[in-house]
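Trainee: Could you walk me through the insides of this protein and how some of its helices pack? I'd like to have the model in front of me while we talk.

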Amino acid sequence: MGAKASQEKGNAMSELASAINAMFVLFIITIVGFVATKCGVLDKTSQERLTKMVFNISLPATLLASVTDLDASSLASQVPLAVGLSVLQFFLLLGIGALSCLILRVPSEQRIPYLFMSICTNTGFIGLPVATSIYGSQAAILSAIFIAIIGFLMYLIGIPMIARGSDTSSTAPAWRQAINPPSIASLIALAIFFTGFQLPAPIASAASMIGSSTAPVAMMIIGIILANAPLRDVVSELRLYPFILIRQLIAPAIVYFVLRLFISDELMLGVFTVMLAMPTGSMASSFMAMFDWDTTLPAAGTILATVASFPIIPALLWVMSL
């Protein structure tokens with residue numbers, strides 16, 4: 001039995017290496033966007049147009065495509081727990097961000113960016129492949145629930161938060177600011193998942209094809225932002241380093257051991273912890289740019305957090321095995 005367990009762990013780490021390789025691919029795409037901007041192929045206008053395209057078209061398509069072929073009945077007993085943990089995870093991320101601001105004495109003008117970096121995580125682009133590589137195909141269904149619900153809460157609470165904090169903030173109420181293509185797509189995705197409704201094949205294929213552009217385009221946007229920002233600003237925000245360590249390793253490890261006292265489902269708990277440990281999403285800068293925030297901080301946070309994920313995810317898995 002011991003030899004079998006060791007073999008299973010070895011297989012999981014091998015599959016994890018493949019997922020980390022995919023993260024390096026995203027980083028390379030960011031470099032492509034950076035170089036293209038330095039060479040004059042892309043510019044600030046490209047950034048604005050690509051941001052609108054991702055926000056209004058490809059990201060909603062990603063959300064719809066993520067649940068197109070999933071069957072809720074196969075994990076019926078786990079769905080209510082997954083929904084509850086998804087909601088819990090969002091507010092944990094918000095709380096971890098707030099606690100990090102307090103511990104690190106983040107200046108008042110940077111608190112909203114740090115809070116947004118905490119809740120706008122890369123559950124879709126990185127979390128889904130990492131979770132499935134470790135826990136198998138069943139994790140895809142649970143991951144889709146986390147992605148859809150956390151995404152909707154981020155649009156419902158996170159987008160109005162940065163909108164109100166912006167100098168160009170709209171006076172529209174929060175509920176109206178939360179009604180946007182991604183939030184609507186999140187609701188539709190949840191309805192599709194729970195009702196078992198199947199999109200017509202051409203629509204599902206189109207959503208999948210359009211959605212596949214979200215990750216590379218979003219990472220290229222990061223490259224454009226970085227190319228227009230002094231490199232010193234990317235690496236010199238010293239608070240990002242302890243922030244990343246707290247949010248992606250220390251806090252998830254603590255939460256895992258606390259929840260392990262109450263939840264016996266290892267698959268559910270594993271997916272929850274992996275999702276909680278995901279780095280700042282590539283869309284954080286894009287969203288903040290839409291409300292005229294300085295995007296240097298979230299862009300740097302995305303790159304540094306993604307790079308840090310390479311050693312942090314295996315370290316977290318090792319801690320979870322203790």
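What follows is a chat about cavities and helix contacts in this predicted model.

Trainee: Let's begin with the empty space. How many cavities of 30 Å³ or more does a search of the whole structure find?

Mentor: Remember that we're looking at a predicted model, so any cavity here is computed from predicted atoms. With the cut-off set at 30 Å³, the search of the whole structure comes up with 2.

Trainee: Which helix gives the most to the lining of the largest cavity?

Mentor: That cavity holds about 290 Å³, and 19 residues line it. Four helices put in at least two residues each: H2 (44-65), H5 (123-135), H6 (138-165) and H14 (283-290). The top contributor, with 5 residues, is H6.

Trainee: And which residues lie nearest the centre of the largest cavity?

Mentor: By class, the lining has 11 nonpolar and 8 polar residues, with no charged ones. Out of the 19 lining residues, those nearest the centre are Leu59, Thr121, Thr123, Gly124 and Tyr155.

Trainee: Now the second largest cavity. How do the residues of its lining divide into nonpolar, polar and charged?

Mentor: This one has about 30 Å³ of space. Its lining is made up of Val274, Ala277, Met278, Ile313, Leu316 and Leu317, and helix H15 (residues 296-320) gives the most, with 3 residues. Ala, Val, Leu, Ile and Met are among the types that count as nonpolar. The split is therefore 6 nonpolar, no polar and no charged.

Trainee: H15 also packs against H10. How are H10 and H15 set relative to each other?

Mentor: Helix H10 (residues 214-227) packs on H15 at an angle of about 120 degrees, with the axes 10 Å apart. Roughly perpendicular covers 65 to 115 degrees, and roughly antiparallel needs over 145. An angle of about 120 degrees fits neither class, so the pair is oblique.

Trainee: Which residues in H15 do Ile222, Ile225 and Leu226 in H10 meet?

Mentor: H10 passes H15 in a left-handed crossing. The contact has 6 nonpolar residues, 1 polar and no charged. On the H15 side, the residues met are Ala299, Ala300, Thr302 and Ile303.

Trainee: Next pair: H3 and H12. What is the handedness of their crossing?

Mentor: The axes of H3 (residues 79-103) and H12 (residues 240-259) come within 11 Å and cross at roughly 135 degrees. That makes H3 and H12 oblique to each other. Their crossing is right-handed.

Trainee: How many nonpolar, polar and charged residues does the contact of H3 with H12 have?

Mentor: H3 brings Leu85, Leu88, Leu92, Leu93, Ile96 and Ser100, while H12 brings Phe243, Ile246, Arg247, Ala251, Val255 and Leu259. Ser counts as polar and Arg as charged. By class, the contact comes to 10 nonpolar, 1 polar and 1 charged.

Trainee: H12 meets H13 too. Is H12 roughly parallel or roughly antiparallel to H13?

Mentor: The axes of H12 and H13 (residues 266-276) come within 9 Å and cross at roughly 160 degrees. Angles over 145 fall in the antiparallel class, so H12 and H13 are roughly antiparallel.

Trainee: How do the residues of the contact of H12 with H13 divide by class?

Mentor: The crossing is right-handed. H12 uses Arg247, Pro252, Val255, Tyr256 and Leu259, and H13 answers with Glu266, Leu269, Phe272, Thr273 and Leu276. Arg and Glu both count as charged. The division is 7 nonpolar, 1 polar and 2 charged.

Conventions: Residues numbered from 1 in each chain as written. Predicted model: local features only at pLDDT ≥ 70, side-chain atom pairs only at ≥ 80, totals over all residues. Heavy atoms only, no water. 1 Å grid on protein atoms, 1.4 Å probe; cavity = no way out; pocket = protein on both sides within 12 Å on 5 of 7 lines; lining within 4 Å. Points joined across faces, edges and corners; volume = space filled by probe spheres on them. Axes fitted to C-alpha atoms, helices over the stretch in contact; angles between N-to-C directions. Parallel < 35°, antiparallel > 145°, perpendicular 65-115°, else oblique. Left-handed = near helix turned anticlockwise from the far one by under 90°. Contact = heavy atoms within 4.5 Å.
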